[in-house]
Amino acid sequence: MTVAAESASLVQSVDWVAIAPPTITATVGMIVLVADLFVPENKKQLLGRLSVAGLAAALLTLLPLREGDRSTFCLTSDAEVCSYTADHFTLVIQLLVLGGALLTALLSMTETTKNKLPAGEFWFLLMSSAAGAALLPASRDLATLVVALEVASLPAFALVGMKRGDRLSSEAALKFFLSSVTATAVMLLGVSFVYATTGTLHLTEIAVRLDDVPAQLDTLAKAGVALTLVGFAFKTAAVPFHFWVPDTYVGAPLPVAAYLSVIGKAVGFTGLILVTVIAFPSYADVWGPAIAVLAALTMTVGNVAALRQSATRAYSAVRLLAWSSVGQAGYILVPIAAAAYSSDDQIGSTVAYALMYAVVNLGAFAVAALVARTHPLNRIADYRGLYAARPLEALALGFFLLCLAGLPPGIIGLFAKVTVFSAAVDAGLGWLAVVMAVNVVIALYYYLQWTAVLFRAPEGEQPRHAVPVPVTVAIVLTAVLGIALSGVPQLALRFATGNLFQ
């Protein structure tokens, strides 16, 4: 072989179409940051429109990838071992995170003006976090996975503390940062243990080498597997890594809280799925029971805490959504645990549930952002008589809450819960299915209680104000998507019937 041929063999080819979604998102974020230097103060809304356009363009680039058969950044010595793979799992999660980021951007269009947030920094941070979240599902080695996780997380810390001079915002950002950094440090320790045991960072190669670990390294490997899961469990707000959630959601701007509740969770459960199902299948006896216990604790703690929220307490609506998101995370973890006892096909149930949750939870936050314009304390009691003042918004919020509860007409919520329940039963986790059923009943009470408040007679005259167009668009989009999924639930639930990694 000639020297030229040897040199050529060391050059990696890059599939630019495959990496387009996170690349476009990151590029637009950089453009926004630079443009902020030249755009006058009274034209800062242009930055938000540019960000929305960038996220829409990133979503469109998923269309050429729908076959789910592209990989890039592969080893020159083995083309089957790659660091970036755009399979069906990647595309569905990228659709979820980029769509969620787009809805967050719509909700944020007026937020920078109302709360006097620095527009350039806000949009740059949001786009950077969305780029990391879009990169993570395609990551197929631990180094890329950790980098993507931190790129998604670090801008989120700054977004939470963006309300300058606000004590709640600063406290929330600090609590979020410190707890996240601790979880990341533990996860990196686990990654180092896994690398020391296997000598590789590629997920598929780790799976092969963990099948035949020397006896003297078995304890190190098990410790590495357990510690690696900690960082991703933190992102899903699984108990006992959940304590940052309520204060962070209350202190953050509402669109950022909505973003964390959906995209933050997507990042966490995506990382969990990749490391457990692809990298650690031979240690299912370690992570399977652990995730099953985490799921049971998470749904129970989240729902019981949501049940205890007082309607007259300041920010009780946001706190209820925060604790509810913890409970929902428990349901999302159930099929991941089930995959350890049956097959990887159970992962589809997690994806289907996450799609439903993303749509309706973002819709609920959109209505909460609307109510907060006249009731800054955002108490559940402030929603009394919303139907009399704004019937369409009240009906939309009622629909979103019923979807989260799993009651008609929120058919998609019911179907998603049944799918997750079936995953637990099929895997032989009957005790976890019973815990889930009890928690669903608990959740019914507080969701229905809030829904009833919407239709009670108002106490005094309800203030009216013009609804910003972007907020209206966000509410309409989520409502239309929720109704469409309820009418044709197989659009989301079909992901629960096959292997997304093929």
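Start by selecting Cys74, which is buried at 17% relative accessibility. The cut-off for that word is under 20% relative accessible area, so Cys74 at 17% falls within it. Keep in mind as you go that this model is predicted.

**The disulfide**

Now add Cys82 to the selection. Cys74 and Cys82 form a disulfide, with 1.9 Å between their sulfur atoms. How many disulfides are there by this rule? The count comes to one. If you query the torsion about the S-S bond of Cys74 and Cys82, you should get about 90°, so the disulfide is right-handed. Cys82 is buried too, its relative accessible area being 8%. While you have cysteines in mind, click on Cys403: this residue is buried, with a relative accessible area of 0%.

**Along helix H8 to its end**

Next, select residues 167-198, which make up helix H8. Put a distance between the C-alpha atoms at its two ends and you will find 46 Å. Does that fall short of, or agree with, the expected span? At 1.5 Å a residue, the 32 residues of H8 should span 46 Å, so the two values agree.

Zoom in on Thr198, a residue of H8. Thr198 is buried, at 7% relative accessible area. A polar atom of the Thr198 side chain lies 3.2 Å from the backbone oxygen of Thr200. Setting aside neighbours within four places in sequence, Thr198 is in contact with Ile206, Arg209 and Leu210. Between these two threonines, stop at Gly199: this glycine follows H8 and has a positive phi, near 75°.

**Aromatic rings**

Switch the display to aromatic side chains. A search of the whole structure finds 12 aromatic pairs. One to pick out is Phe122 with Trp123: the ring centres are 5.3 Å apart and the planes meet at 85°, so this pair is edge-to-face. Are these two rings buried or exposed? Phe122 is buried at 1% relative accessible area, and Trp123 is buried at 1% as well.

Then move to Tyr331 and Tyr353, an edge-to-face pair with 6.0 Å from centre to centre and 70° between the planes. Colour helix H14 (residues 316-339) and helix H15 (residues 347-371) before you look: Tyr331 lies in H14 and Tyr353 in H15, so the pair ties together parts that are 22 residues apart in sequence. Tyr331 is buried, with 1% relative accessibility, and Tyr353 is buried with 0%.

For a group of rings, select Phe157, Phe176, Phe177, Phe234 and Trp244, which form one aromatic cluster.

**Last stop: Ala237**

Trp244 leads on to Ala237, since Trp244 is among the residues that Ala237 touches. You will find Ala237 in the loop between helix H10 (218-235) and helix H11 (245-251). Is this loop residue buried or exposed? Ala237 is buried, with a relative accessible area of 0%.

Show what surrounds Ala237, again leaving out residues up to four places away in sequence. The residues that Ala237 touches are His242, Trp244, Val245, Lys265, Thr298 and Val326. To finish, draw a line from the C-alpha of Ala237 to that of Ala340: the two are 21 Å apart in space and 103 residues apart in sequence.

How values were computed: Residues are numbered from 1 along each chain as its sequence is written. This is a predicted model: local features need pLDDT of at least 70, side-chain atom pairs count only at pLDDT 80 or more; totals for chains, interfaces and linings use all residues. Side-chain values use heavy atoms; hydrogens and water are left out. Rings of Phe, Tyr and Trp (its six-membered ring) pair if their centres lie within 6.5 Å; planes under 30 degrees apart count as stacked, over 60 as edge-to-face and the rest as tilted. Buried means under 20% relative accessible area, exposed over 50%, partly exposed in between (1.4 Å probe, protein chains only). Helices (H or I, at least four residues) and strands (E, at least two) are DSSP runs, numbered from the N terminus. Contact means heavy atoms within 4.5 Å. A polar contact is a pair of N or O atoms within 3.5 Å; within protein, one must be able to donate a hydrogen and the other to accept it, and residues adjacent in sequence count only if both atoms are side-chain atoms. The expected span of a helix is 1.5 Å times one less than its number of residues. A disulfide is a pair of cysteine sulfur atoms within 2.5 Å.
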